[in-house]
Amino acid sequence: MSFSSIVILTGAGISAESGVDTFRDKGGIWSKVDLQDVATPQGFKRDPERVHAFYNDRRAGLKTVQPNAAHRTLARLEAEFRGSVLVITQNIDNLHERAGTKHLLHMHGELTKVFCTKCGTHRDEHGDLTTFDYCSHCGATGTLRPDIVWFGEMPYHMDEIHEALHRCDLFIAIGTSGSVYPAAGFVEEAHAIGAHTVELNLEPTEHDSAFDEVRRGRATELVPAYVEELLLS
């Protein structure tokens, strides 16, 4: 089976093998921290210092982890595949781009970016953020927040994502639980236009039955093997 347009959705499972903490798994971040405190606009309004401290820790943690074989193999697929490849990630880490992926959409934002709630300007940020920092664009102080899509907010790049799903002929979900919408509905969207759908995941998910093909195992093993098949087909 040959394909010309591939859309890949990645979730926490692909970065977990690099040592990045997951959010929803047993023992994950949301079992230790109340998401209402650090992942909602209301939480940021109540206690911006706490929110900044939480994301400063996450940002610092990126310096201790490296892309794994799954990240690197997806970058190889993008470079060597004869057609188009788009990676959509639910992750806020920067491991895909550090592995070399260029055609990439962060639908839930990025740890290494911040934006100004006053003027809307986005910029890179690799260090700590505080309520005393000012926006280099408008000069306002205390208006910078992590460039993360919080609960109750609209994910980024949705128009571009829907367009890609409507023209792909292969959709692959890697390391995602399939429990968070709108990403959980991407498989049905791709399937509706006739795309072949594949799930690569360590554990069964709520959406197993929606996929044409399901493979179980570690992302660092499944992704290289599957990509090799694609490049040889």
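Buried means under 20% relative accessible area, exposed means over 50%, and partly exposed is in between, with a 1.4 Å probe and protein chains only. This is a predicted model, in which local features need pLDDT of at least 70 and side-chain atom pairs count only at pLDDT 80 or more, while totals for chains, interfaces and linings use all residues. Residues are numbered from 1 along each chain as its sequence is written, and side-chain values use heavy atoms, with hydrogens and water left out.

**Cysteines**

Select C116. Its relative accessibility is 1%, so C116 counts as buried. A disulfide is taken as a pair of cysteine sulfur atoms within 2.5 Å. Searching the whole structure gives zero disulfides. C116 is accordingly in none, and the nearest cysteine sulfur, that of C119, is 3.8 Å away. Go next to C168, which counts as buried because its relative accessibility is 3%.

**The sheet**

Helices (H or I, at least four residues) and strands (E, at least two) are DSSP runs, numbered from the N terminus. Two strands pair if DSSP finds at least two bridges between them. Show the six strands of the open sheet, whose order is β3-β2-β1-β7-β8-β9, with parallel pairing. Its edge strands, each pairing on one side only, are β3 (104-106) and β9 (213-216). From one strand to the next, the twist averages 15 degrees. For angles here, axes are lines fitted to C-alpha atoms, for helices over the stretch in contact, and values run from 0 to 180 degrees between N-to-C directions.

Now select β1, residues 5-10, which runs parallel to β7 and is joined to β7 by five bridges. Two of the partners to label in β7 are I174, across from T10, and F171, across from V7. β1 also pairs with β2 in the parallel sense, over six bridges; there, I6 has V85 as its bridge partner. Six of the six residues of β1 are buried, so the strand is largely enclosed by the rest of the structure. S5, V7 and L9 are on one side and I6, I8 and T10 on the other, and both faces are covered.

**Helices on the sheet**

Contact means heavy atoms within 4.5 Å. Add helix α5 (residues 69-80), which lies across β1, β2 (84-89) and β7 and runs at about 165 degrees to β1. Then add α7, which packs on the sheet and touches β1, β2, β3 and β7; its direction makes about 130 degrees with that of β1.

**Helix α4**

Move to α4, residues 48-61. The expected span of a helix is 1.5 Å times one less than its number of residues. For the 14 residues of α4 that gives 20 Å, and the end C-alpha atoms are 20 Å apart, which agrees. Colour its buried residues: P48, V51, H52, F54, Y55, N56 and R59. Their cover includes α2 (35-38), α3 (41-46), β4 (109-116) and β6 (144-148).

**Single residues**

Pick G13, in helix α1 (residues 12-16). G13 counts as partly exposed because its relative accessibility is 27%. Leaving aside neighbours within four places in sequence, G13 is in contact with G175 and A219. From G13, draw a distance to H157, 144 residues apart along the chain: their C-alpha atoms are separated by 22 Å.

H157 sits in the loop between β6 and α7 (158-167). Although not a glycine, H157 has a positive phi of about 65 degrees. At 35% relative accessibility, H157 counts as partly exposed.

Finish at P182, in the loop between β7 (170-174) and α8 (186-192). The peptide bond joining Y181 and P182 is cis, with omega about 10 degrees.
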